[in-house]
Amino acid sequence: MRYMKKTILFLLLFGGSGVPLAAGQNFDFGLSVDGGFPQGNFKRNVESNGLGLEAFAAYRIHSSPVKVGINLGFVTYGNDTRKEIFNPNIPEVRVGVRTNNNIFTGHLFTRFESAEGIVRPYFDALAGLNYLFTESRVEDDDWGETIASTTNFDDTAFSYGLGGGVKFKVAESYDQFGKPLKWFIDVRAKYLVGGEAEYLKEGALRNENGRLVYDTSRSSTDLLTVGLGFVVSF
């Protein structure tokens with residue numbers, strides 16, 4: 001792990017050495033649906049996989065194969081739902097109470113990718129953070145609209161990792177100014193080495209006679225994500 005961390009920091013510094021960007025550089029925006037798979041001690045504690053979304057934005061540095069950008073992800077790895085009476089004086093009205101266990105990931109990254117070709121493999125080095133939080137909300141029983149919500153528990157850990165993927169060009173269009181837009185299907189994966197954090201797993205938040213009881217867990221927060229989405233380059 002020590003050598004992996006040094007490699008990632010070197011790649012990020014190398015990729016960021018040309019951060020001043022010139023007009024006409026390529027800009028990428030991507031969005032995907034991700035599966036989140038806890039690893040190591042984190043997996044042993046939560047005992048379930050997750051599902052979420054991921055988005056990124058990146059700039060190509062001049063005409064090089066290097067891009068720098070930011071990656072944001074959100075994975076829910078546990079949830080619990082129940083019905084409750086809205087008010088003891090109004091027993092006819094019931095609401096839903098939903099508790100979700102979530103991970104938000106935010107990373108800066110350096111990407112190495114060819115600027116040409118229908119099929120474009122790429123490699124990422126990432127550094128940032130994992131934010132773990134458990135949120136409960138009261139929902140309308142018919143429409144699912146949120147009436148009230150609160151964050152019950154949260155913690156943050158440093159995170160770094162390696163990733164990669166393959167982009168497949170599927171279409172090309174033009175914006176209102178005549179600039180070409182290139183569209184890609186994107187298959188991606190990344191492994192994030194997460195530091196220790198304290199968090200709640202599914203079923204770890206209990207109501208005992210009107211008092212909340214927290215059964216917290218603590219471990220490293222390693223996470224593997226695999227995603228399928230799209231990328232637009234312009």
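Two strands are said to pair if DSSP finds at least two bridges between them. With that term in hand, the tour of this predicted model may begin.

**First stop: the hairpin of β5 and β6.** Select β5 (119-140) and β6 (146-174). These strands pair in the antiparallel sense, over 21 bridges. Within the pair, E135 stands opposite T151 in β6. Then select G144: the hairpin has 5 residues between its strands, and G144 takes a positive phi near 75°.

**Second stop: from β6 to β7.** Add β7 (residues 180-194), which runs antiparallel to β6 and is joined to it by 15 bridges. Here S173 stands opposite L181 in β7. Between β6 and β7, a hairpin again, lie 5 residues, and G178 in the turn has a positive phi of about 85°.

**Third stop: the nonpolar cores.** Select F42, V46, Y77, I103, L132, A157, A197, Y199 and L223, the 9 residues of the largest nonpolar core. Two or more of these residues come from each of α2 (40-46) and β8 (197-199). A second, separate core has 6 residues, among them F56, F109, F184 and V231. Returning to A157, one finds contacts that include G128, L129, N130 and T221.

**Last stop: the largest pocket.** Which residues are the closest to its centre? Of the 21 that line this pocket, they are R82, T99, S136, L205 and L212. The pocket holds about 340 Å³ of space. Its lining comprises 7 nonpolar, 9 polar and 5 charged residues. Each of β3 (66-87), β4 (90-113), β5, β6 and β9 (205-208) supplies at least two of the lining residues.

Notes: Residues are numbered from 1 along each chain as its sequence is written. This is a predicted model: local features need pLDDT of at least 70, side-chain atom pairs count only at pLDDT 80 or more; totals for chains, interfaces and linings use all residues. Side-chain values use heavy atoms; hydrogens and water are left out. On a 1 Å grid over the protein atoms alone, a cavity is a set of points where a 1.4 Å probe fits but cannot get out, and a pocket is an open set with protein on both sides within 12 Å along at least five of seven lines; lining residues have an atom within 4 Å of a point. Grid points are joined across faces, edges and corners, and a volume is the space filled by probe spheres set on the points. Helices (H or I, at least four residues) and strands (E, at least two) are DSSP runs, numbered from the N terminus. Ala, Val, Leu, Ile, Met, Phe, Trp, Tyr, Cys and Pro count as nonpolar, Asp, Glu, Lys and Arg as charged, and the others, Gly among them, as polar. A nonpolar core is a set of buried Ala, Val, Leu, Ile, Met, Phe, Trp, Tyr and Cys residues joined through side-chain atoms within 4.5 Å. Buried means under 20% relative accessible area, exposed over 50%, partly exposed in between (1.4 Å probe, protein chains only). Contact means heavy atoms within 4.5 Å. Lists of a residue's contacts leave out its neighbours within four places in sequence.
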